[in-house]
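Please work through the exercises below with the sequence and the 3D structure open beside you. Each task is followed by a solution that goes step by step.

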Amino acid sequence: MHDIRFIRENPDAFDAALKRRKLAPMAGEILKTDSDRRALQAQIQELQSRRNQASKEIGALKAKGGDADALIAEVNDIKTKMPALETEEANLAESLESRLLELPNLLDESVPDGDDEDHNHLIRTIGDVPSFHFTPKDHVALGEGLGLMDFALGAKLAGARFVVLSGQLARLERALAAFMLDTHTGKFGYVETLPPALVNSQTMTGTGQLPKFAEDLYRTDDKWLIPTAEVPLTNIVADEITDSAVLPLRMTAYTQCFRSEAGSAGRDTRGMIRQHQFSKVEMVSITHPDQSADELERMTSCAETILQKLELPYRVLKLCSGDTGFSAQQTYDLEVWLPGQDEGRGMYREISSCSNCGPFQARRMKARFRDVETGETRFLHTLNGSGLAVGRTLIAILENGQQEDGSIRLPQVLHSYMGTDRLVAKA
């Protein structure tokens, strides 16, 4: 959500920032609504003040035996006018808030301009892409070949874009989550947290999923299924004044995530790349504003460490203006190499996004801290990142570790979790 005071003081800068998001100028419209509302507030306050003063005058006049009929009529006239003015003011306030809630975060100056993912900037490439003396298969062929990945059964139980994993693949999913959590908590100091997978509308609004992305979410009665653990974890500080001494707060969670993928018709329909239900280990940081830039670099490094320990080649991109998400000021994407994609030619696919949202989510959530130097309350900065998407990591291990006989070589760090160094076909 945006600071109306910033828009009042910097209307041209605000419109210029919206232009980077490919949005039309809106400062004039917003400030007109804001001005009309403030004028009504002033009128209401003036009437309230006059009503209170007239009421005192009525009492004093009656005490002296005077005629207070004119003053009584004035007070009654004010009481008649007030409800309509208060309703109009409330409607303008709601309209203003709705408009501000629908607008995306303003981009950091370092974000490169660009229309879409084709204009993202490559920062670095890590690891050697594996070479095969055979045409590599994708994870669907590999998983089904092991007899441990069943999309037909997933469709029978739930519909398209669901899968059932069994045996060693089910264990690999669990092992990956445990390895990621152990690394983030033991090496990087994140606090493991187990949040609800159902949240209310206020919580979804706090992190920016509502109102704009309602069609991408699943709803049950008056609750929403989380699309990422970012939602409940970040909202832990909603409506709170956090002690600055405990900052930064760092949390990590392994949860199931649910997305309708309403806007992705025809995209990635094969296999586990884009499922309606998937698991993810999420990282969330709550920081002092002066710390958030460094925290984004740290968080990205934490996600990279998981990929490095799993011996997976990847690259890091800085997203351009046209590809940066709604709530983010800036984002790094990590893309893992998947050799079985594109009919065995291979391609990089997103496996993590790490974003600094600045005060955007905190303002929506009313999440603040008290500045020890000034004593004033200020909005926190919030960050989130995948550490990693577990299903896509499983895909990457299958495709990068595949052997000609259909078995899968496992990364060294998973041997103790799995009790073996490779996956083999179910007997």
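**Exercise 1. Two aromatic residues and their rings**

Task: decide whether Y348 is buried or exposed, do the same for W337, and then classify the pair that their rings form.

Solution. Note at the outset that this is a predicted model. Y348 has a relative accessibility of 17%, and because the cut-off for buried is under 20%, Y348 counts as buried. W337, at 12% relative accessibility, counts as buried by the cut-off of under 20%.

The next step is the geometry of the rings. A pair of aromatic rings is described by the distance of the centres and the angle of the planes. A search of the whole structure finds five aromatic pairs. For W337 and Y348 the ring centres are 5.1 Å apart and the planes stand at 65°, so this pair is edge-to-face, given that planes over 60 degrees apart fall in that class.

The last step is to place the pair along the chain. W337 belongs to strand 12 (residues 330-338), whereas Y348 belongs to strand 13 (residues 347-356), so the pair ties together parts that are 11 residues apart in sequence.

**Exercise 2. A cluster of rings and a charge**

Task: find which residues form one aromatic cluster with F213, and state where the charged end of K212 sits.

Solution. The cluster consists of F213, F326 and F360. Turning to K212, its charged end sits over the ring of F213, at 5.9 Å from the centre of that ring.

**Exercise 3. Two helix crossings**

Task: describe how helix 3 crosses helix 4, and then how helix 7 crosses helix 13.

Solution. Two packed helices are described by the angle between their axes and the distance between the axes. For helix 3 (residues 27-63) and helix 4 (residues 69-102), the axes come within 9 Å and cross at roughly 155°. Angles over 145 degrees count as roughly antiparallel, and helix 3 and helix 4 are therefore roughly antiparallel to each other. The crossing of helix 3 past helix 4 is left-handed, and the contact between them has 17 nonpolar, six polar and 14 charged residues.

For helix 7 (residues 167-186) and helix 13, the axes come within 10 Å and the crossing angle is roughly 115°. The two are therefore roughly perpendicular to each other, and their crossing is right-handed.

**Exercise 4. The covering of helix 13**

Task: establish how many residues of helix 13 are buried, and set this beside the buried share of the chain.

Solution. Helix 13 spans residues 390-400 and is mostly covered, with 11 of its 11 residues buried. Among the buried residues are the charged R392 and E399, and including V390, L394 and I397 the list also holds nonpolar residues. For the chain, buried residues make up 49% of the 427 residues. That chain has 14 helices and 18 strands in its secondary structure, and its C-alpha atoms fill a box of roughly 105 × 45 × 40 Å along the principal axes.

**Exercise 5. Backbone exceptions**

Task: locate the cis peptide bond before P211 and the one before P248, and then say where D239 and E311 lie.

Solution. Most residues other than glycine have a negative phi, and most peptide bonds are trans. The bond from L210 to P211 is cis, with omega near 5°, and P211 lies in the loop between helix 8 (201-207) and strand 6 (218-220). L247 and P248 are also joined by a cis peptide bond, with omega about 0°; P248 is in the loop between strand 8 (241-242) and strand 9 (249-258).

The next step concerns phi. D239 is not a glycine, yet has a positive phi of about 60°; D239 is found in the loop between helix 9 (230-234) and strand 8, and at 47% relative accessibility it counts as partly exposed. E311, likewise not a glycine, has a positive phi of about 60°. E311 lies in the loop between helix 10 (292-309) and strand 11 (314-318), and counts as partly exposed at 42% relative accessibility.

**Exercise 6. A distance across the sequence**

Task: state what separates the C-alpha atoms of I126 and S353.

Solution. I126 lies in strand 1 (residues 121-126) and is partly exposed, with a relative accessible area of 29%. I126 and S353 are 227 residues apart along the chain, and their C-alpha atoms are separated by 16 Å.

Conventions: Residues numbered from 1 in each chain as written. Predicted model: local features only at pLDDT ≥ 70, side-chain atom pairs only at ≥ 80, totals over all residues. Heavy atoms only, no water. Buried < 20%, exposed > 50% of the residue type's maximum accessible area, 1.4 Å probe, protein only. Helix = DSSP H or I, 4+ residues; strand = E, 2+ residues; numbered from the N terminus. Phe/Tyr/Trp six-rings, centres within 6.5 Å; stacked < 30°, edge-to-face > 60°. Lys NZ or Arg CZ within 6 Å of the ring centre and 35° of its normal. Axes fitted to C-alpha atoms, helices over the stretch in contact; angles between N-to-C directions. Parallel < 35°, antiparallel > 145°, perpendicular 65-115°, else oblique. Left-handed = near helix turned anticlockwise from the far one by under 90°.
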